[in-house]
Structure formats: structure tokens, C-alpha cells
Amino acid sequence: MPADSFNAFWRSRSTRERTYLGLGAAVLLLALVYILLLDPLLETRSKLEKRLPQLRAEVRLMQVQVAEVERLRAGSQNAKQGALLGRIGVSASEVGIRDKMQQIVSIAEDRVRVTGGAVPLNAWLEWLGTLEKQGIRVAYCRMIPTEAGGHAVEALLQGEPR
């Protein structure tokens, strides 16, 4: 029924009144579209345009910080590897077998490979005992007797870097 009453109202108006009412409704509709849709969008866009340089600067800062963290992590890994490697080298020197070692190489953060030739068995066992007291254990060991007396050794030592 409301549609019938509106139709009756509309038909009772003159052409000129209908034109003015139609124009008024169109202006009112445009104003509502602007107020409810367009203005908030334009305002938001303006705020984002003002914030964009700040956000870009923050992204650049974060990228620099990520690079710094990665650099520090790499340095930390190298320091940890060097710490275990250094402890093993010092211990070998203290026992007196460092000069008999051909190679002491860090292969991971917590692993060091040791190779040597003509190492006296007693000195080797004493050294392994010293390492065990420091928390460094033998993960793998191969010993081959040499003609010079002693043993060619190859070992994988594992321990926590301090």
C-alpha cells in the first residue's frame, strides 16, 4: 500500500514539481553517496599517503636490522665453532700431542675432526680422558698402528661450545 500512496502523491504533482522533486532527490542521493562513501575513502587515502614515507622508512630500517641479525648470527656460529676448536687445540697442547696432529678442523658448531700420525697410545688415551672431563666426547675413533710406534688416528669429537 505505501507504493500506492506514493504513486498517488506523484501523479497529483505537476510536471514542474516532479522535475524539482526528481532533481532534489538526485542531489540528495549524490550528497549521501559523497558523505557515506566517497569522503571517507578520500580521507583514508590522504592519511595513507601521509604515512607512506614513514612506513617505507620503517621497512628500510627493518631490512638493515635483518642484515645485522644475520651478520651477528654468522659471527656467533663462527665464534662457537672456534671456541670448541680452541678448547680441543689447547687440550692437545697441554697433553703434548698437538705437534703429532696433522689436522684439527671444525666441521660443525659442536663437532671437530682430528687426524694425526704416530700418536703414542698412552698420550692419546690421556688426552681423550681430559676431553671427557671438559664435556667433549668421542663420537668416532679409528686407530691404525704405525711402523714408527704409535698410532695413526682419526676421530670425531663432539661437545658443547662454551
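# Exercises on aromatic pairs, salt bridges and overall shape

W127 is buried in this structure, with a relative accessible area of 0%. The model is a predicted one, and the exercises below work through its features in turn.

## Exercise 1: the aromatic pairs

Determine how many aromatic pairs the structure holds, and describe the geometry and surroundings of each.

Step 1. A pair of aromatic rings is described by the distance of the centres and the angle of the planes. A search on this basis gives 2 aromatic pairs in the structure.

Step 2. One of them is formed by F6 and W10, with 6.1 Å from centre to centre and 20° between the planes. Because planes under 30 degrees apart count as stacked, the pair of F6 and W10 is classed as stacked.

Step 3. Both F6 and W10 belong to helix α1, which covers residues 2–11, and they are 4 residues apart, about one turn of the helix. F6 is partly exposed at a relative accessible area of 48%, and W10 is likewise partly exposed, at 29%.

Step 4. W124 and W127 form an aromatic pair as well, with centres 5.4 Å apart and planes at 55° to each other. Since an angle that is neither under 30 nor over 60 degrees counts as tilted, the pair of W124 and W127 is classed as tilted.

Step 5. W124 and W127 sit in helix α3 (residues 121–133), where 3 residues, or about one turn of the helix, lie between their positions. W124 has a relative accessible area of 0% and is therefore buried, and W127, also at 0%, is buried too, because the cut-off for this class is under 20%.

## Exercise 2: the salt bridges

Find how many salt bridges a search of the whole structure gives, and place each in its secondary structure.

Step 1. Side chains of opposite charge can pair when their charged atoms come close. The search of the whole structure returns 3 salt bridges.

Step 2. E43 is joined to K47, with the closest N and O atoms 3.6 Å apart. E43 and K47 are 4 residues apart in helix α2, so that about one helical turn separates them. E43 counts as partly exposed at 42% relative accessibility, whereas K47, at 53%, counts as exposed.

Step 3. R45 forms a salt bridge with E49, and here the closest N and O atoms are 3.5 Å apart. R45 and E49 also lie in helix α2, 4 residues apart, which is about one turn of the helix. R45 is exposed, with a relative accessible area of 55%, whereas E49 is partly exposed, at 48%.

Step 4. The side chains of R142 and E154 meet in a salt bridge with an N to O distance of 3.6 Å. R142 belongs to strand β3 (residues 137–145) and E154 to strand β4 (residues 151–158), so this pair ties together parts that are 12 residues apart in sequence. Both residues are partly exposed, R142 at 42% relative accessibility and E154 at 26%.

## Exercise 3: a nonpolar surface patch

State which residues make the nonpolar surface patch of about 980 Å², and examine L28 as one of them.

Step 1. The patch is made by L28, L29, L32, V33, Y34, I35, L36, L37, L38 and L42.

Step 2. L28 is located in helix α2, which covers residues 15–95. With a relative accessible area of 53%, L28 is exposed, because the cut-off for an exposed residue is over 50%.

## Exercise 4: the chain as a whole

Work out why the protein chain is described as more spread out than a compact globule, and set this beside its other totals.

Step 1. The protein chain contains 3 helices and 4 strands, and from the N terminus on they follow the order α-α-β-β-α-β-β.

Step 2. The radius of gyration is 42 Å, whereas the globule rule gives 15 Å for 162 residues; the value is well over the rule, and the chain is therefore more spread out than a compact globule.

Step 3. Taken along the principal axes, the box filled by the C-alpha atoms is roughly 125 × 35 × 25 Å.

Step 4. Of the 162 residues in the protein chain, 19% are buried. The chain exposes about 11,700 Å², and carbon and sulfur atoms supply 60% of that area.

Step 5. Among contacts between residues at least 6 apart in sequence, 54% join residues at least 24 apart.

Key
Residues are numbered from 1 along each chain as its sequence is written. This is a predicted model: local features need pLDDT of at least 70, side-chain atom pairs count only at pLDDT 80 or more; totals for chains, interfaces and linings use all residues. Side-chain values use heavy atoms; hydrogens and water are left out. Rings of Phe, Tyr and Trp (its six-membered ring) pair if their centres lie within 6.5 Å; planes under 30 degrees apart count as stacked, over 60 as edge-to-face and the rest as tilted. Helices (H or I, at least four residues) and strands (E, at least two) are DSSP runs, numbered from the N terminus. Buried means under 20% relative accessible area, exposed over 50%, partly exposed in between (1.4 Å probe, protein chains only). Patches are made of residues with over 30% relative accessible area and no salt bridge: like charges are joined within 9 Å, nonpolar side chains (Val, Leu, Ile, Met, Phe, Trp, Tyr) within 5 Å. Accessible areas come from the Shrake-Rupley method with a 1.4 Å probe; for residues, only the protein chains shown count as cover. A salt bridge is a side-chain nitrogen of Lys or Arg within 4 Å of a carboxyl oxygen of Asp or Glu. The radius of gyration is taken over C-alpha atoms; the globule rule is 2.2 Å times the number of residues to the power 0.38. Contact means heavy atoms within 4.5 Å.
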